[in-house]
Amino acid sequence: HYRKQLLAWELLQYNADVICLQEVTPHAYRAYMEPVLKHAGWIGVYCNKNFKAQMACAVFFRADKFDLFEDEKVDLHSEWAACKDARGCQCLSSVVPRSLRDELDRANTVAQIV
């Protein structure tokens, strides 16, 4: 419990407008991070990496500076595969760097658009 308090205290000390966290468990988000940061004036959005994983991304932003109109969770691996199937890899070669294309072929990850 002490470490959770230290983490929340440290995040709030940065005085940021947006906080992005990786490798957050559903329990840690629901039971601690979201209630504590909500009490401090933050809105949180949580998204599992591949919509099934036990570790996920969480984005928090100041409620007094931003409004949440919509949040979209995108499975980048599936979207990349569908894009390659639909358009072919050639058309993407000029706009997507090779290192990113290789990573999207391998990784199961998510984009969280808030």
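Lysine 65 is exposed in this predicted model, with a relative accessible area of 51%, just past the cut-off of 50%. Its side chain is a good place to start, since lysine 65 forms a salt bridge with aspartate 17, where the closest N and O atoms are 3.1 Å apart. That pair links distant parts of the chain: aspartate 17 sits in the loop between α1 and β1, while lysine 65 belongs to the loop between β3 and β4 (72–75), 48 residues apart.

Aspartate 17 has another partner. Its side chain also meets that of arginine 62 in a salt bridge, at 3.5 Å from N to O. Because aspartate 17 lies in the loop between α1 and β1 and arginine 62 in strand β3, this pair ties together parts that are 45 residues apart in sequence. Through shared partners, Asp17, Arg62 and Lys65 become one salt-bridge network, and the count of salt bridges comes to two. As background, side chains of opposite charge can pair when their charged atoms come close.

How do the members of this network compare with the exposed lysine? Aspartate 17 is partly exposed, at a relative accessible area of 30%, and arginine 62 is buried, at 16%. What surrounds arginine 62? Leaving aside residues up to four places away in sequence, arginine 62 touches Asn15, Ala16, Asp17, Gly41 and Trp42. With asparagine 15 there is a polar contact between the two side chains, at 2.7 Å.

Arginine 62 also leads us into the sheet, as this residue is found in strand β3. The sheet is open and has three strands in the order β1-β3-β2, with antiparallel pairing. Strands β1 (18–24) and β2 (42–48) stand at the edges with a single partner strand each, so one side of each has no neighbour in the sheet. On average, neighbouring strands are turned by 15° against each other, direction ignored. Seven bridges join β2 to β3 (residues 56–62); within this part of the structure, glycine 44 has phenylalanine 60 of β3 as its bridge partner. Helix α2 (residues 26–39) packs on the sheet and touches β1, β2 and β3, its direction making about 165° with that of β2.

Phenylalanine 60 then takes us to the largest nonpolar core, which has 14 residues. Leu21, Met33, Ala58 and Phe60 are those with the most contacts inside this core. Two or more residues come from each of α1 (2–13), β1, α2, β2 and β3, and α2 gives the largest share, four residues.

Definitions and conventions. Residues are numbered from 1 along each chain as its sequence is written. This is a predicted model: local features need pLDDT of at least 70, side-chain atom pairs count only at pLDDT 80 or more; totals for chains, interfaces and linings use all residues. Side-chain values use heavy atoms; hydrogens and water are left out. Two strands pair if DSSP finds at least two bridges between them. Axes are lines fitted to C-alpha atoms, for helices over the stretch in contact, and angles run from 0 to 180 degrees between N-to-C directions. Contact means heavy atoms within 4.5 Å. A nonpolar core is a set of buried Ala, Val, Leu, Ile, Met, Phe, Trp, Tyr and Cys residues joined through side-chain atoms within 4.5 Å. Buried means under 20% relative accessible area, exposed over 50%, partly exposed in between (1.4 Å probe, protein chains only). A polar contact is a pair of N or O atoms within 3.5 Å; within protein, one must be able to donate a hydrogen and the other to accept it, and residues adjacent in sequence count only if both atoms are side-chain atoms. A salt bridge is a side-chain nitrogen of Lys or Arg within 4 Å of a carboxyl oxygen of Asp or Glu.
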